[in-house]
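Student: I would like to go through this model by question and answer, with the reasoning shown.

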Amino acid sequence: QVQLVESGGGLVQPGGSLRLSCAASGRIFSIRNMGWYRQAPGKQRELVAQITSSGNTDYADSVKGRFSISRDNAKNTASLEMISLKPEDTALFYCYAEVIRWFFDPPRDYWGQGTQVTVSS
C-alpha cells in the first residue's frame, strides 16, 4: 500500500502565501513524477504543477511565476510554494505521485485526500 498525505492548506488573504506539503509512504521503490492538481467547485480537476525525479518542472500558465514545486527524493516528499495568491486559486488541492513499488512494477498513480486552499478577504 502507498499513502499520500497532504498538509498546509488553509485560509489566506489575496496576495498572501501558503506552502503545501505532500509525503508519500508505504511500499515505494521509486517515484517518477510528483505533482499537484486542484479542483474548484463546478470545475474540472486541473494540473497545477509537476516535477520529475530529476527535478524538471512544469506549471499551469495560470500559476507560472507565482507557484514553485520542489521535491526531496530521499524522503519521498514534494512541496508547493504559493505566493501572490488570488481568489481564483481557491480550490481543493490534491497531491499525486507515480509510484513504482518494486523493481518490475509498472508505475501507478496514487493520490492524496486533498487539502483546501481558500483565498479570500
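**Salt bridges and strand pairing**

Tutor: Arg38, Glu46, Arg66 and Asp89 are linked in a network of salt bridges. The model is a predicted one.

Student: How many salt bridges does a search of the whole structure find?

Tutor: The network holding Arg38, Glu46, Arg66 and Asp89 belongs to this tally. Over the whole structure, the search gives a count of eight.

Student: Is arginine 38 buried or exposed?

Tutor: Arginine 38 sits in strand E4, which covers residues 30–39. Beyond its neighbours within four places in sequence, its contacts include Val48, Val63, Phe67, Leu92 and Phe93. Because its relative accessible area is 6% and the limit for buried is under 20%, arginine 38 is buried.

Student: Which side chain makes a polar contact of 2.9 Å with that of arginine 38?

Tutor: One polar contact of the arginine 38 side chain, at 2.7 Å, goes to the side chain of glutamate 46. The contact of 2.9 Å goes to aspartate 89.

Student: What is the relative accessible area of glutamate 46?

Tutor: Glutamate 46 forms a salt bridge with arginine 38, with the closest N and O atoms 2.7 Å apart. Arginine 38 is buried, whereas glutamate 46 is partly exposed. The relative accessible area of glutamate 46 is 33%.

Student: Which residue forms a salt bridge with aspartate 105 at 3.4 Å?

Tutor: Aspartate 105 is buried, with a relative accessible area of 5%. Its side chain meets that of arginine 101 in a salt bridge at 3.1 Å, N to O, and arginine 101 is buried as well. The salt bridge at 3.4 Å is formed by a partly exposed residue with a relative accessible area of 34%, namely arginine 108.

Student: Where does strand E8 pair with E3, and which residue of E8 stands opposite alanine 23?

Tutor: Strand E3 spans residues 18–26 and E8 spans residues 77–82. The two run antiparallel and are joined by six bridges. Opposite alanine 23 in this pairing is threonine 77.

Student: Which residue in E8 stands opposite isoleucine 69?

Tutor: E8 also pairs with strand E7, residues 67–72, in the antiparallel sense over six bridges. Across from isoleucine 69 is leucine 80.

Student: Which residue takes a positive phi in the hairpin of E7 and E8?

Tutor: Four residues lie between the two strands of this hairpin. A positive phi near 55° is found there at asparagine 76.

Note on methods: Residues numbered from 1 in each chain as written. Predicted model: local features only at pLDDT ≥ 70, side-chain atom pairs only at ≥ 80, totals over all residues. Heavy atoms only, no water. Pairing = 2+ DSSP bridges. Buried < 20%, exposed > 50% of the residue type's maximum accessible area, 1.4 Å probe, protein only. Polar contact = N/O pair within 3.5 Å; in protein donor to acceptor, adjacent residues only side chain to side chain. Contact = heavy atoms within 4.5 Å. Salt bridge = Lys/Arg side-chain N within 4 Å of Asp/Glu carboxyl O.
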